[in-house]
Amino acid sequence: ENPVDMSELLGPLGLAVETGTVANLQANAPLTRTDRARHTVYTTTFSSHPSVTTNARNNRRYAVVVDRALALKTQKVADKSVKAEMVMHAPSDTFLDLNGNLAFDSGEKQKGYPLATAVTMTSTTGKKDDEGRVFVIGDVDVFSEKLVRLVEGNVFLFRDIVAWLQR
């Protein structure tokens, strides 16, 4: 179970967090060279959204590595001005490690879980300058010094997110 309830923060954005930690038996970055690396997942699956432009255009060259990430999911939101687009997904053989044992167990499903979302709140004035933007990623370590020093794709992701948020 996820230790922090993010529903008050994510709910108004039309988002929620899946239960369990993202894990992968193959597409993992062996930073520790132990089974613990199964929670350090790399991905090259990006949408065409401007917040992930560099990684999407260069997905064979620039992977993004997440560490102990949570998967996101959409949910209905009353405010029709809020639009969430999943922009980064885990590889299709990724699973949510529900019990923390670093193994793929029965009852755990493999799929390309969403890892990051770009949220846009359209303006009531109709002006693009009055639009609101939020970027949500299910990992606090993705931009940590450790990963940014090791993974160039994480640096490009950060750069593109900031550029999109400033537009």
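A pocket, as the word is used here, is an open set of grid points where a 1.4 Å probe fits, with protein on both sides within 12 Å along at least five of seven lines. Keep in mind throughout that the model on display is a predicted one.

**Stop one: the pocket.** Begin with the largest pocket, whose volume comes to about 410 Å³. Select L70, I137, G138, D139 and V140, which lie nearest the centre of this pocket among the 21 residues that line it. Then colour helix 1 (7-10) and strand 10, the elements that give two or more residues to the lining; the largest share, four residues, is that of strand 10.

**Stop two: V142, in the loop after strand 10.** Follow the chain into the loop between strand 10 and helix 3, where V142 is found. With a relative accessibility of 0%, V142 counts as buried. Show its surroundings and, leaving out residues up to four places away in sequence, you will find V142 touching V64, V65, V66, I137, L147, V148 and N154. If you draw a distance from V142 to A71, which is 71 residues away along the chain, the C-alpha atoms turn out to be separated by 13 Å.

**Stop three: helix 4.** Select residues 152-166, the 15 residues of helix 4, which reaches 22 Å from its first C-alpha to its last, close to the expected 21 Å. Within this helix, highlight G153, N154, F156, L157, D160, I161 and W164, which are its buried residues. Turn the view until you look down the axis: these buried residues fall within an arc of 160 degrees, and therefore they line one face of the helix. To see what they pack against, add helix 2 (53-57), strand 5 (64-67), strand 7 (82-89), strand 9 (114-121), strand 10 (132-137) and helix 3 (145-150).

**Stop four: the nonpolar cores.** The largest nonpolar core has 22 residues, and those with the most contacts inside it are V22, V66, M88 and F135, which make a useful selection to start from. At least two residues of this core are supplied by each of strand 5, strand 7, strand 9, strand 10 and helix 4. Apart from this core lies another, of eight residues, with L13, V82, M86 and V119 among them. In soluble globular proteins, nonpolar side chains tend to be buried together. Now centre on V22 and, setting aside its neighbours within four places in sequence, display its contacts, which include R38, H39, V41, L70, F95 and L115.

**Stop five: M121.** Move to strand 9, where M121 has its place. Beyond residues up to four places away in sequence, M121 touches L13, S81, V82, E131, G132, R133 and V134. M121 and E131 are ten residues apart in sequence, and their C-alpha atoms are 5.8 Å apart in space.

**Stop six: two positive phi angles.** Most residues other than glycine have a negative phi. Select R68 in the loop between strand 5 and strand 6 (72-74), where phi is near 55 degrees, a positive value in a residue other than glycine. Then select L102 in the loop between strand 8 (95-97) and strand 9, which is not a glycine either and has a positive phi of about 65 degrees. Buried or partly exposed: which describes R68, and which describes L102? R68 has a relative accessible area of 44% and is partly exposed, whereas L102, at 15% relative accessibility, counts as buried.

How values were computed
Residues numbered from 1 in each chain as written. Predicted model: local features only at pLDDT ≥ 70, side-chain atom pairs only at ≥ 80, totals over all residues. Heavy atoms only, no water. Expected span 1.5 Å × (residues − 1). Buried < 20%, exposed > 50% of the residue type's maximum accessible area, 1.4 Å probe, protein only. Arc of directions from axis to C-beta. Contact = heavy atoms within 4.5 Å. Core = buried A, V, L, I, M, F, W, Y, C linked by side-chain atoms within 4.5 Å. 1 Å grid on protein atoms, 1.4 Å probe; cavity = no way out; pocket = protein on both sides within 12 Å on 5 of 7 lines; lining within 4 Å. Points joined across faces, edges and corners; volume = space filled by probe spheres on them.
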